[in-house]
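I sat down today with a fresh structure and a cup of coffee. Here are my notes, in the order I looked things up.

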Amino acid sequence: MIELKPVTYYAGYRRLKEVLDKEFINLFTEKTVTHLLNEKDLNLLTGLGKKRLSNNIKLLNSSYLLNQDKPLSTEKFDLSNINTEQVLIDYCQSFVLPDDFRKMLLYLIIFIQANSYSILELQEHLDVSRNTIIADLKKLNDDLFNVRVIYDRKEGYTIKGEELDIRKYALYYIFILYKELEVKEILIRSCGIPEKEFNYWLNKTYENIKEEELNIITGQISEIVIFILSIAKRTKNTQVPSPVIEFRYFPNSKYLNFAKQSFEKLFIEKLELNYLSLIFSAVSQEKIVSSENVFSKLLIEFLTMFNVISGIDVLNDQELVEKLKQHSIPMMYRQKFFYFLENNLIEDIADSNASLCSVLKEALVPIELEIGKPINKTEVGYLVAIIESHLQSKSEEFTPLHGIILCPNGTTSSVLLKNELEKLFPAIQFTKASSLSNFKKINPNEYDIIFSTIELKTQKPVYIISNFLSNFEKQKLKKEINGKFNLPSLKIPSYEEFEKLVSQYNSKKQTKKKFYNELVKIITRDTKSQKEWNPVLKELLTEETIKLNVNAVDWEDAVRKGGQILVESGAIQKSYIEAMVTSLKTYGSYIVITPHVALAHASSNDGVKKIGFSLLTLKNEIEFYHEENDPVKVVMTIAATDQSTHLKALSELMALLGNQDFLKLAYDSNTKKQDILDLIQTI
């Protein structure tokens, strides 16, 4: 085992006969000052007079200039010409640390416990007064949970609590200080780690990561190495027991072997190496557990719950499953055993998608029960980002549809009809119009959708239309087909059109610019005047899809009656109702998403014809057996044609449920359908 020699805190900084004033040193930690200062600026920022300013500048000119040809003066003090980092290293004991940083350093000094620290020794370490140390310790204990810094006459200041909890705070504070401190050496020296020692283990860790081909996030390796070396000092200095990690949490042998090969010289105790394997599992980006690992089993529960609650068929989307697995397993290690930094930008992503965030929180419950606390918003935000970006990429993928038009005799009117349909559906590639007799000779694989002026029996989707489409028929047809097939609003060029363009370009009849312009013209042809139909709640909830004061004997009866509204509107088949009931019997009352409101739904593959919403209020509240949100007064049923539409619908629904007047109307027996419709118009 390598011997780590104890070092005095901030030992080794330059001792000079003349030293910079503390007030002057603080100038280099101030991030708001400009680079070029004059005497008035310097006096204002430091409070020093001209003579003391001149003495400090003289010292800087002799030892810290980057460009010796441009000496500093009181009238031309250029911060950009000063080796600021070296100044801070040499005088790191002299400048004033912010309170939050100082208390974190205080925790780490006590954590490694090189000595039995008294309050006087802590004062000397941080170069502050007794009252400051006392105040810092109080603030520190106010921040800690399940952990306390206490004073013992024999042991001095020590940290009491479960060792796993104590280490969580040590790593968390190292993360913060390494990120925020301009001079990283302050942190490293606070942990009693010589610079050469740190660099040795940092390089060794990187080499082993490369050699073992670990796919991990390397951005926080420096902090992790500082943490590991701090643990090595702590276990040597204090003889604290190593944390015992249950076998069910072990990562795969690759990560266990990596921890052993990288750090066995630092630790005699094998338990410590098991613990270190968890740290690297927490920043992994690859498969790190076997099917026997408890987190692997929880992942399946999470995906299953998400699949059921969201209506998104995650389990059959292997690409999305892999993306979620790569984040979720390391997330469980982070949340169970450590405290990692939170990210405000990622949390904003979670806030921006309340519906998906709400679904995820319900689906994450099995994981939260295991780790003993809620998953933090940063981790939820990452999951939201993964799912949203995946769904977005899927929605951008589109396999061109091929359509065929049937008329009794293939007359001239069919040509006009074809032109009209091409304008309505630029994303569908239409073949020539066909008569019924010719249609029977066409291979079914050559078309995906049929437009016919006569009744027809076939396995492919058929839309019965008139020879001459009225504006009303056009809009109705457009809503139905766009809703079912989620068509893009731009035209997909046909093979013939694209071949013609390429041919003209190859024959040098077109420049690159002209080729591009012609392609854009085809793609956007006939679409500029069209408005893509985007269903919204106010269009889907109508007097026909709202029922008030409905009698229901139990939760199943209520769900069936909500679904029946959508059967009658033509949005779903009866199989969708059965799927909703089966799902509830299997997975419980997950659909009671907020107090007194149930959102019934199933997968879009369970019999959805088109997007639809229904809303019913119950005459008497009904138990759905939800621990927090029972009894239910409102049952809303949603049917969506695809994943993206489903999430969009959920988002709009959450806005309605967030309106404080909604439940007031639901509980008022005198409420009319128009009252609810009027409220929907306001969201």
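The entries below cover two sheets, one pocket and two backbone details.

**Entry 1: before starting.** I remind myself that this is a predicted model.

**Entry 2: the parallel sheet.** I began with an open sheet of 4 strands, whose pairing is parallel. What is the order of its strands? I read it as S6-S5-S7-S8. At the edges I found strand S6, residues 428-430, and strand S8, residues 462-464, each of them pairing on one side only. The twist from one strand to the next averages 30°.

I then followed one pairing through the sheet. Strand S7 covers residues 449-452 and runs parallel to S8, and 3 bridges join the two. Within this pair I noted Ile 450 opposite Val 462 of S8.

**Entry 3: the mixed sheet.** Next I turned to another open sheet of 4 strands, this one with mixed pairing and the order S9-S11-S12-S10. Why is one side of strand S9 and of strand S10 left without a neighbour in the sheet? Strand S9 (546-550) and strand S10 (597-600) stand at the edges with a single partner strand each, so the other side of each has no neighbour there. On average, and with direction ignored, neighbouring strands here are turned by 15° against each other.

For the S9 edge, I saw that S9 pairs with strand S11 (residues 612-622) in the parallel sense, over 3 bridges. Lys 547 is the residue I found opposite Leu 616 in S11.

**Entry 4: helices on the mixed sheet.** Which strands does helix H26 touch? Helix H26, residues 555-569, packs on the sheet and touches S9, S10, S11 and strand S12 (632-639). Its direction makes about 150° with that of S11. I also logged helix H29 (residues 660-667), which lies across S10, S11 and S12 and runs at about 110° to S12.

**Entry 5: a cis peptide.** I checked omega next, and the bond joining Asp 630 and Pro 631 is a cis peptide bond, with omega about -10°. Pro 631 sits in the loop between S11 and S12, two strands of the mixed sheet.

**Entry 6: the second largest pocket.** I moved on to the second largest pocket, which holds about 580 Å³ of space. It is lined by 23 residues, and those closest to its centre are Ile 217, Gln 220, Arg 334, Phe 340 and Tyr 382. By class, I have 9 nonpolar, 9 polar and 5 charged residues in the lining. Helix H8 (163-180), helix H15 (318-337) and helix H19 (377-396) each supply at least two of the lining residues.

Where does this pocket lie? Both domain 2 (99-283) and domain 3 (294-396) contribute residues to the lining, so the pocket lies between them.

**Entry 7: a positive phi.** My last lookup was Glu 213, a residue other than glycine with a positive phi, near 55°. Glu 213 belongs to the loop between helix H10 (195-211) and helix H11 (221-238).

Definitions and conventions. Residues are numbered from 1 along each chain as its sequence is written. This is a predicted model: local features need pLDDT of at least 70, side-chain atom pairs count only at pLDDT 80 or more; totals for chains, interfaces and linings use all residues. Side-chain values use heavy atoms; hydrogens and water are left out. Two strands pair if DSSP finds at least two bridges between them. Axes are lines fitted to C-alpha atoms, for helices over the stretch in contact, and angles run from 0 to 180 degrees between N-to-C directions. On a 1 Å grid over the protein atoms alone, a cavity is a set of points where a 1.4 Å probe fits but cannot get out, and a pocket is an open set with protein on both sides within 12 Å along at least five of seven lines; lining residues have an atom within 4 Å of a point. Grid points are joined across faces, edges and corners, and a volume is the space filled by probe spheres set on the points. Ala, Val, Leu, Ile, Met, Phe, Trp, Tyr, Cys and Pro count as nonpolar, Asp, Glu, Lys and Arg as charged, and the others, Gly among them, as polar. Domain bounds come from an automatic or database domain assignment. Contact means heavy atoms within 4.5 Å.
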